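Work through the exercises below with the structure in view. Each task is followed by a solution in steps.

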Amino acid sequence: MNQNRKYPSIIGALSMLLGLYGPGAVADEFSDADIDRWEMEYEVVVEEGEKLFHGGLGNQNTVSCDQCHPNGANTHPETYPKFQQQLGKVATLWEMINWCIENPLQAEKLAADDPKLIALQAYITEERKGVELMPGKH
Amino acid sequence: MSKINRRDVLRNGAAVLAASSLPISMVELAFGADSDQNFTFAYISDSHITQIKGNEFVRNWDRGLIRAVAETNLLDPKPDFVFYGGDIAQLGKPEEIDHGLEILSALRGDVHYVMGEHDYYVDLGEYWRKQLGPDHYSFDHKGVHFVVLNSILTHEKWMHQKWQSGMDRMKQMARLDNPDGQPFMVGEAQREWLRNDLKKISKETPIVVLSHSPLQKIFKSWNFWTDDAEEVQALLKPFDKVTVLYGHVHQIQTNQIGNISFHAAMATAWPWPYPSTYTQKASYLPKLTVEMNRADPFFERDATGWQFIDVHTGRADVSYLLPDNKNRTVAYSEKAGHPVDTGSRKTDDRSPPQKHF
């Protein structure tokens with residue numbers, strides 16, 4: 001028991017020595033500067049998504065997402081997941097993006113965690129911000 | 001069948017045509033005192049033929065135009081002529097214009113062309129005019145005065161600024177949601193031409209105007225808009241019956257402003273969302289519009305289509321031929337004083353796919 005209790009204080013002391021925490025800092029606090037940086041990180045990905053959406057995917061047939069979805073309109077990110085009758089199952093937005101990549105764009109689909117697919121979702125959702133979440137809606 | 005009037009025949013015929021894609025024959029019946037002046041014409045628009053490389057083109061857009069051409073050739077009674085509403089090409093390349101014209105060359109009868117921005121901005125319309133002639137003109141047909149305008153011009157300063165290449169300028173204009181987009185306009189020179197053209201026309205003569213962009217203001221961000229629309233409308237105001245037909249918007253739109261009826265054409269290539277579905281900016285879709293059904297992207301031709309126009313007593317009834325969707329007819333109602341979707345339900349009773357969000 002006694003030995004177990006000692007470990008946290010030793011880790012704390014080591015951390016102080018290594019400068020991992022500032023004096024008095026608590027792990028779950030963050031500053032305005034942090035928020036600014038995080039927002040900037042997000043905006044960079046949205047911008048990347050905007051480029052990909054407007055012809056940046058490099059697909060051979062040159063068809064781009066914005067040709068059918070100006071400003072990402074008619075993509076309805078707020079309605080996913082929803083039953084997609086053409087697929088016969090509940091689908092997510094990224095699966096539908098991949099459907100578009102494979103069909104009108106005639107290209108290879110992206111992995112779910114591909115940064116490009118994440119960026120496309122960031123752009124599409126950003127253009128739809130302020131709209132109420134309505135999963136399942138048709 | 002003998003009691004059916006001519007418009008019903010055309011409407012029903014269109015439904016049969018789309019369902020079966022077989023030639024149909026229709027009996028032309030007397031329709032009012034001016035029946036010999038009644039006529040139809042077909043109206044195809046926005047094919048956006050896209051060259052990939054060499055003689056390889058995007059199949060999807062090719063198929064849309066090929067289908068519209070084939071179905072137009074099956075119309076019976078034969079339309080007097082065909083209008084093509086602009087945007088043959090995606091990036092205005094000679095290869096794209098030529099490939100589009102090759103597909104359109106299968107049409108039987110005369111075709112009149114309207115300039116679209118996708119045909120124009122790579123070389124300011126030079127190749128298009130070389131192949132098709134002037135981009136604004138007029139002619140008379142069975143007592144109706146037809147006017148074609150090039151409505152997709154923009155500020156001279158922007159058009160003639162130092163561009164890396166014509167293609168650079170084309171790509172700026174080809175992006176519908178370009179935040180640096182430029183507004184379409186007919187321009188002073190063409191308005192002056194129109195003023196003179198209309199001088200010799202009596203006020204009772206029905207006028208049909210074709211432009212690529214709407215000669216009204218709906219949504220500036222996507223150029224569902226012509227900057228000098230009011231000036232053009234003012235020139236058309238003295239006439240009793242005016243119809244404006246336009247492309248560009250890839251969707252059904254219907255409006256009446258004073259004496260002018262407005263109808264938009266479907267694209268053969270792909271549909272566009274209604275502006276209200278982009279919630280970040282205000283838009284002004286005419287209230288008379290009964291929105292087309294929402295696209296089912298899994299069916300390649302859904303929410304695309306083409307039109308034929310029945311001109312009678314100087315008014316134009318527009319029938320929309322919609323693959324995989326119920327065909328629609330928007331006809332001028334003398335009683336209402338504006339075009340009415342003949343199959344439309346009251347706003348609060350529309351089918352789920354007509355509710356865009």
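**Exercise 1. Contacts and burial in chain B**

Task: State what share of the contacts in chain B with a separation of 6 or more comes from residues 24 or more positions apart.

Solution. In this predicted model, residues 24 or more positions apart account for 71% of the contacts in chain B that have a separation of 6 or more. Next, take burial: of the 357 residues in chain B, 47% are buried. Last, count the elements: chain B has 9 helices and 15 strands.

**Exercise 2. A sheet in chain B**

Task: Give the strand order of the open sheet of 7 strands in chain B, and find its edge strands.

Solution. Step one is the order, which reads β5-β4-β1-β12-β13-β14-β15 in chain B, with mixed pairing. Step two is the edges: β5 (111-113) and β15 (338-341) of chain B each pair on one side only, and these are the edge strands. From one strand to the next, the twist averages 25°.

Step three looks at one pair. Strand β14 (residues 328-333) of chain B pairs with β15(B) in the antiparallel sense over 4 bridges. B:Ala331 has B:Val340 of β15(B) as its bridge partner.

Step four adds a helix. Helix α2 (residues 59-73) of chain B packs on the sheet and touches β1 (39-44), β4 (82-84), β12 (306-312) and β13 (315-321) of chain B. The direction of this helix makes about 170° with that of β1(B).

**Exercise 3. One side of a helix**

Task: Identify the buried residues of helix α9 (residues 229-236) of chain B, and say how they lie around the axis.

Solution. The buried residues are B:Ala229, B:Val232, B:Gln233 and B:Leu236. They cover an arc of only 100° around the axis, so they are on the same side of α9(B). A general point fits here: an α-helix has 3.6 residues a turn, so residues three or four places apart point the same way. As for the cover over the buried residues of α9(B), it includes α8 (188-199), β8 (207-211), β9 (242-246), β10 (254-257) and β11 (260-264) of chain B.

**Exercise 4. Two helix pairs in chain A**

Task: Classify the packing of α2(A) with α4(A), then that of α3(A) with α4(A).

Solution. Start with helix α2 (residues 32-56) and helix α4 (residues 115-127) of chain A, which pack at about 95° with their axes 7 Å apart. Angles of 65 to 115 degrees count as roughly perpendicular, so α2(A) is roughly perpendicular to α4(A). The contact includes A:Tyr42, A:Val45 and A:Phe53 of α2(A), and A:Ile118, A:Ala122 and A:Tyr123 of α4(A). By class, it has 10 nonpolar, 1 polar and 4 charged residues.

Now take helix α3 (residues 93-102) of chain A, whose angle with α4(A) is about 105°, with the axes 10 Å apart. These two are therefore also roughly perpendicular to each other. A:Leu93, A:Trp94 and A:Ile97 of α3(A) meet A:Leu117, A:Leu120 and A:Gln121 of α4(A). This contact of α3(A) with α4(A) has 5 nonpolar, 1 polar and no charged residues.

**Exercise 5. One residue of chain A**

Task: Is A:His69 buried or exposed?

Solution. First locate A:His69: it is in the loop between α2 and β1 (82-84) of chain A. Then count: A:His69 has 22 C-beta neighbours inside 10 Å, so it counts as buried. Leaving out residues up to four places away in sequence, A:His69 touches A:Asn74 and A:Thr75.

**Exercise 6. Between the chains**

Task: How many residues of chain B are in contact with chain A?

Solution. The contact joins 17 residues of chain B to 19 residues of chain A. On the chain B side, the residues divide into 10 nonpolar, 5 polar and 2 charged.

Notes: Residues numbered from 1 in each chain as written. Chains lettered and ligands numbered in written order. Predicted model: local features only at pLDDT ≥ 70, side-chain atom pairs only at ≥ 80, totals over all residues. Axes fitted to C-alpha atoms, helices over the stretch in contact; angles between N-to-C directions. Parallel < 35°, antiparallel > 145°, perpendicular 65-115°, else oblique. Contact = placed C-beta atoms within 7 Å. Nonpolar A, V, L, I, M, F, W, Y, C, P; charged D, E, K, R; others polar. Buried ≥ 20, exposed ≤ 12 C-beta atoms within 10 Å, placed from the backbone. Pairing = 2+ DSSP bridges. Arc of directions from axis to C-beta.
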